[in-house]
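Student: Could you walk me through this structure with a few questions and answers?
Tutor: Gladly, let's have a look together.

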Amino acid sequence: MEAEESEKAAMEHEPLEETEQTVDAEEEQEKSEEAACGGNKRVVPGIVYLGHIPPRFRPLHVRNLLSAYGEVGRVFFQAEDQFVRRKKKAAAAAGGKKRSYSKDYTEGWVEFRDKRIAKRVAASLHNTPMGARRRSPFRYDLWNLKYLHRFTWSHLSEHLAFERQVRRQRLRAEIAQAKRETDFYLQSVERGQRFLAADGDPARPDGSWTFAQRSTEQELRARKAARPGGRERARLATAQDKARSNKGLLARIFGAPPPSESMEGPSLVRDS
């Protein structure tokens with residue numbers, strides 16, 4: 001059991017040792033470069049990226065917490081989007097909570113005067129609790145730090161300026177699209193008003209299409225049935241039609257001439 005526990009402890013300490021070894025190797029490389037340049041120490045600032053910022057965590061807090069490890073320069077926090085903030089306010093209002101939401105941040109950058117200190121801070125504080133005290137509101141939040149190799153503050157300024165320019169261009173495009181839609185709607189309304197005004201103009205030629213449609217057999221029967229005694233006449237007519245169809249059918253079955261031919265035969269004989 002003791003051997004297994006020792007192995008587990010060794011496995012847990014391996015990643016920390018590896019990070020420390022990498023930091024030491026980089027420091028030795030930098031020292032060798034400085035010695036090659038003539039032994040003059042050159043202090044180069046380094047930037048650490050904060051991937052997670054808890055609510056109500058401000059630049060003053062991170063400055064106070066990280067100043068214990070080295071001299072901290074500029075600090076910048078990226079504010080959350082206004083749409084997200086409005087959504088939070090709407091959700092709180094729907095839940096019946098009346099409170100004023102302060103501005104929260106999504107990510108941040110911290111500049112150290114010496115990049116070697118920045119590397120060591122990022123390697124040692126990563127995935128550790130932010131607050132050391134028990135009553136600290138950030139005790140259960142972990143640091144998410146990453147050292148940005150060969151990244152300067154000018155790169156961050158350029159990146160932020162590019163994002164602002166892209167946001168402005170997107171806003172201009174949305175405004176232009178809304179203006180085009182509004183102009184098209186107004187033009188359609190004016191065109192409709194002109195069309196309605198032209199309907200009552202006497203100088204405009206009449207474009208109506210007049211035609212006469214003959215009544216169908218069904219309509220004629222309906223009119224006859226609507227007359228006084230028309231229903232009885234219609235019943236008689238239908239009965240006569242059925243009788244005629246039955247006589248023709250019987251003549252075809254039994255081979256007798258149809259009633260019309262039997263009536264025409266004697267007339268021809270008498271004439272002769």
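Tutor: Let's begin with Glu111, which counts as buried because its relative accessibility is 11%, under the 20% cut-off. Keep in mind that this is a predicted model.

Student: Happy to start there! Which strand does Glu111 lie in?
Tutor: Residues 105–112 make up a strand, and Glu111 falls within that range. The strand is E3.

Student: Which residues does Glu111 touch, leaving aside those up to four places away in sequence?
Tutor: One group among them is Pro45, Gly46 and Ile47. Trp153 is also touched by Glu111. The remaining residues are Glu71, Val72, Gly73 and Arg74.

Student: Which residue forms a salt bridge with the side chain of Glu111, and at what N to O distance?
Tutor: Glu111 is in strand E3, and its partner sits in strand E2, 37 residues apart, so you should look at a distant part of the chain. The two side chains are also joined by a polar contact of 2.9 Å. The salt-bridge partner is Arg74, with an N to O distance of 2.9 Å.

Student: Is Arg74 buried, partly exposed or exposed?
Tutor: Its partner Glu111 is buried, at 11%. Arg74 has a relative accessible area of 44%. Because partly exposed covers the range between 20% and 50%, Arg74 is partly exposed.

Student: Good! How many salt bridges does the structure hold?
Tutor: Glu111 and Arg74 form one of them. Another joins the side chains of Glu71 and Arg113, and Arg116 also forms one with Asp114. The structure's count is 3.

Student: How far apart in sequence are the parts tied together by Glu71 and Arg113?
Tutor: Their side chains meet in a salt bridge at 3.1 Å, N to O. Glu71 lies in the loop between H2 and strand E2 (72–79), while Arg113 is in the loop between E3 and helix H4 (115–125), so the pair ties together parts of the chain whose separation is 42 residues.

Student: Of Glu71 and Arg113, which counts as exposed?
Tutor: Glu71 has 49% relative accessibility and counts as partly exposed. Arg113 has a relative accessible area of 53%. Because exposed means over 50%, the exposed residue is Arg113.

Student: And in the salt bridge of Arg116 and Asp114, which residue is buried?
Tutor: The closest N and O atoms of this pair are 3.2 Å apart. Arg116 is partly exposed, with a relative accessible area of 22%. At 14%, the buried residue is Asp114.

Student: Let's turn to the backbone. What is phi of Arg56, and where does this residue lie?
Tutor: Arg56 is partly exposed, with a relative accessible area of 44%. Arg56 lies in the loop between E1 and helix H2 (59–66). Its phi is positive, in a residue other than glycine, and is near 60°.

Student: What about phi of Arg150?
Tutor: Arg150 is in the loop between strand E4 (145–148) and helix H5 (153–199). With a relative accessible area of 72%, Arg150 is exposed. This is again a residue other than glycine with a positive phi, and the value is near 55°.

Student: Finally, which element has the lowest mean pLDDT?
Tutor: The protein as a whole has a mean pLDDT of 76, and 69% of its residues reach 70 or more. Strand E1 (residues 46–50) has the highest mean among the elements, 93. The lowest, 47, belongs to helix H8 (residues 259–271).

Note on methods: Residues numbered from 1 in each chain as written. Predicted model: local features only at pLDDT ≥ 70, side-chain atom pairs only at ≥ 80, totals over all residues. Heavy atoms only, no water. pLDDT = per-residue confidence, 0-100. Helix = DSSP H or I, 4+ residues; strand = E, 2+ residues; numbered from the N terminus. Buried < 20%, exposed > 50% of the residue type's maximum accessible area, 1.4 Å probe, protein only. Polar contact = N/O pair within 3.5 Å; in protein donor to acceptor, adjacent residues only side chain to side chain. Contact = heavy atoms within 4.5 Å. Salt bridge = Lys/Arg side-chain N within 4 Å of Asp/Glu carboxyl O.
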